[in-house]
Amino acid sequence: MAAVFTDANFDTEVIASEQLTVVDFWAPWCGPCLAIGPTIEALAKEYDGKVKIGKINVDENPNVSINYGVTSIPCILFIKNGQVVDKQVGAAPKPVFDKKIQQHM
């Protein structure tokens, strides 16, 4: 299951992690966000133990969204060693995410 990131745990769960972390910025009212939800869950299952994959609700956690300049959702950031190494804005099929994950593992 995908992790749940918040303004409160983002630094410890994502920034401090040496592991590649995939962060899905989403909101419950966003149709494309809901459409890729199952893909994010599938990735979390597939890469369990190798890549940290989670979601952050932009409505409930505005600080992280503001810090990363997230203005359109879904926005998926690929973060490694505290740095954004890749980004996907908008819904995309699973192979797009697989390729980006493989590139940065």
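**Two helices and a set of salt bridges**

Helix 2 and helix 4 sit oblique to each other. That label fits because the helices, residues 31-46 and residues 94-104, pack at an angle of about 40°, and angles between 35 and 65 degrees count as oblique. Keep in mind that this is a predicted model. The two axes are 10 Å apart, and helix 2 passes helix 4 in a right-handed crossing. On the helix 2 side, Thr39, Ala42, Leu43 and Glu46 make the contact, while helix 4 brings Lys94, Phe97, Asp98 and Ile101. Sort those contact residues by character and you get four nonpolar, one polar and three charged.

Now for the charged residues. Glu46, Lys94 and Asp98 are linked in a network of salt bridges. Within it, the side chains of lysine 94 and aspartate 98 meet at 3.0 Å, N to O. They're four residues apart in helix 4, so about one helical turn separates them. Lysine 94 counts as partly exposed, at 25% relative accessibility, whereas aspartate 98 is buried at 18%.

In total, the structure holds five salt bridges. One of them joins lysine 52 to glutamate 13, with the closest N and O atoms 3.5 Å apart. Lysine 52 is in strand 3 and glutamate 13 in helix 1, so this pair ties together parts that are 39 residues apart in sequence. Glutamate 13 is partly exposed, with a relative accessible area of 31%.

Strand 3 turns up again with lysine 55, which forms a salt bridge with aspartate 24 at 3.2 Å between the closest N and O atoms. Aspartate 24 lies in strand 2, 31 residues away, so distant parts of the chain are linked here too. Both lysine 55 and aspartate 24 are buried.

Definitions and conventions. Residues numbered from 1 in each chain as written. Predicted model: local features only at pLDDT ≥ 70, side-chain atom pairs only at ≥ 80, totals over all residues. Heavy atoms only, no water. Axes fitted to C-alpha atoms, helices over the stretch in contact; angles between N-to-C directions. Parallel < 35°, antiparallel > 145°, perpendicular 65-115°, else oblique. Left-handed = near helix turned anticlockwise from the far one by under 90°. Contact = heavy atoms within 4.5 Å. Nonpolar A, V, L, I, M, F, W, Y, C, P; charged D, E, K, R; others polar. Salt bridge = Lys/Arg side-chain N within 4 Å of Asp/Glu carboxyl O. Buried < 20%, exposed > 50% of the residue type's maximum accessible area, 1.4 Å probe, protein only.
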